[in-house]
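The following exercises concern a protein whose sequence and model are shown below. Each task is followed by a solution that proceeds step by step.

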Amino acid sequence: MSGRRIGFWYRMAAVMVKPPMVVLFKRDWRGMEHIPADGGFITAVNHNSYLDPLSYAHFQYNTGRVPRFLAKAALFKGGFMGTMLRGTRQIPVYRESTDAADAFRAAVDAINSGECVAFYPEGTLTRDPDMWPMRGKTGAARVALLTKAPVIPVAQWGANEAVPPYAKERRVRLFPRKTLKVQAGPPVDLSEYYGQEATADVLRAATDTIMAAVTELLGEVRGEQVPARAADVTADQPYATDQPYAADRPHAAHQPRPVAERPVAPVAEEESK
């Protein structure tokens with residue numbers, strides 16, 4: 001992607017956001033080679049902290065391919081936040097409305113124009129008490145099957161340790177300095193679904209395939225085995241706020257992966273970027 005395509009507003013956002021991100025956090029970035037150099041594509045990202053959109057956007061901005069996020073339409077209405085969202089051409093999502101399909105049409109148009117659209121398929125912060133991804137909603141799969149664009153799974157971890165989701169106390173934990181881990185994987189193979197009618201069953205199967213790739217990648221990032229029940233948690237379930245936050249209790253149920261099975265890749269830890 002050329003510098004011109006990044007645009008003024010995205011560059012302004014980077015000028016404001018990147019310095020504090022570099023100062024406050026360490027980084028462990030892997031898999032940048034999987035971000036396409038050109039052409040439209042989708043990224044499917046797990047969601048476990050209010051901070052992780054900034055962590056992920058920082059990662060992808062440094063690849064030269066900026067993402068367009070789907071965000072709640074209410075955030076676009078006014079003020080500085082709305083100005084930045086409109087200026088960086090994020091995509092408003094109108095929930096509970098006949099306009100809801102507009103977001104997917106805008107996503108398809110963006111991808112067909114050679115841009116990246118980032119989806120959080122879970123639709124909200126994970127409600128799994130151990131921070132594994134929930135079962136995804138079908139929007140990303142629907143757009144993927146319409147465009148046949150590459151779907152890049154992205155796993156991130158560490159933002160949740162700085163800004164825990166649903167925490168009653170100690171909402172921000174900047175010290176000791178946390179490491180924001182972001183890892184992109186190879187494109188998810190959805191070819192078996194191409195040409196099929198986009199029925200509920202087909203969309204569910206394609207979505208589960210995407211989420212399995214994201215979850216497995218997160219297991220690599222965390223160095224843990226993925227629990228079998230992870231994909232059964234949905235956004236309709238209340239978060240168990242009466243339980244200790246996941247980072248504060250032992251993960252006896254998750255056995256670490258042998259070191260030899262963990263991905264061996266250079267860590268992109270460049271404090272000046």
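**Exercise 1. A salt bridge within a helix**

Task: Describe the salt bridge between the side chains of Arg 204 and Asp 208, and state where the two residues lie.

Solution. The model is a predicted one.

Step 1. The side chains of Arg 204 and Asp 208 form a salt bridge, with a distance of 3.0 Å from N to O.

Step 2. Both residues belong to helix 8, where four residues separate their positions, about one turn of the helix.

Step 3. An α-helix has 3.6 residues a turn, so residues three or four places apart point the same way.

Step 4. Arg 204 has a relative accessible area of 21% and Asp 208 one of 28%; because buried means under 20% and exposed over 50%, each is partly exposed.

**Exercise 2. A salt bridge between distant parts of the chain**

Task: Which parts of the chain does the salt bridge of Asp 208 and Arg 135 link?

Solution.

Step 1. Asp 208 also meets the side chain of Arg 135 in a salt bridge, at 3.2 Å from N to O.

Step 2. Asp 208 is in helix 8 (residues 200–222), whereas Arg 135 is in the loop between strand 5 (116–119) and helix 6 (139–147). The two residues are 73 residues apart, and the pair thus links distant parts of the chain.

Step 3. Arg 135 has a relative accessibility of 39% and therefore counts as partly exposed.

**Exercise 3. Further salt bridges**

Task: How many salt bridges does the count give, and are Glu 224 and Arg 222 buried or exposed?

Solution.

Step 1. The count comes to six salt bridges.

Step 2. Glu 224 and Arg 222 form one of them, their closest N and O atoms being 3.3 Å apart. Both of these residues are buried.

Step 3. A network of salt bridges links Arg 68, Arg 89 and Glu 115.

**Exercise 4. Helix 3 and the cavity**

Task: Why is helix 3 described as largely enclosed, and which residues line the largest cavity?

Solution.

Step 1. Eight of the ten residues of helix 3 are buried, so the rest of the structure largely encloses this helix. Among the buried residues are Asp 52, Ser 55, Tyr 56 and His 58.

Step 2. One cavity of 30 Å³ or more is found in the whole structure. The largest cavity holds about 30 Å³ of space.

Step 3. Its lining consists of Met 21, Phe 25, Arg 27, Trp 29, Ser 55, His 58 and Leu 180. Strand 1 (26–30) and helix 3 (52–61) are the elements that each give two or more residues to this lining.

Step 4. By type, the lining of the largest cavity has four nonpolar residues, two polar and one charged.

**Exercise 5. The largest pocket**

Task: Which element gives the most residues to the lining of the largest pocket, and how do the lining residues divide by type?

Solution.

Step 1. The largest pocket contains about 1,600 Å³ of space. Of its 46 lining residues, Pro 53, Phe 69, Leu 70, Ala 71 and Tyr 120 lie nearest the centre.

Step 2. Helix 2 gives the most to this lining, namely six residues. Other elements that supply at least two include helix 3, strand 3 (67–72) and helix 5 (100–112).

Step 3. The lining of the largest pocket divides into 31 nonpolar, eight polar and seven charged residues.

**Exercise 6. The whole protein**

Task: How many helices and strands does the protein have, and what percentage of its residues count as buried?

Solution.

Step 1. The secondary structure comprises eight helices and seven strands.

Step 2. Of the 273 residues, 49% count as buried.

Technical notes
Residues are numbered from 1 along each chain as its sequence is written. This is a predicted model: local features need pLDDT of at least 70, side-chain atom pairs count only at pLDDT 80 or more; totals for chains, interfaces and linings use all residues. Side-chain values use heavy atoms; hydrogens and water are left out. On a 1 Å grid over the protein atoms alone, a cavity is a set of points where a 1.4 Å probe fits but cannot get out, and a pocket is an open set with protein on both sides within 12 Å along at least five of seven lines; lining residues have an atom within 4 Å of a point. Grid points are joined across faces, edges and corners, and a volume is the space filled by probe spheres set on the points. Ala, Val, Leu, Ile, Met, Phe, Trp, Tyr, Cys and Pro count as nonpolar, Asp, Glu, Lys and Arg as charged, and the others, Gly among them, as polar. A salt bridge is a side-chain nitrogen of Lys or Arg within 4 Å of a carboxyl oxygen of Asp or Glu. Buried means under 20% relative accessible area, exposed over 50%, partly exposed in between (1.4 Å probe, protein chains only).
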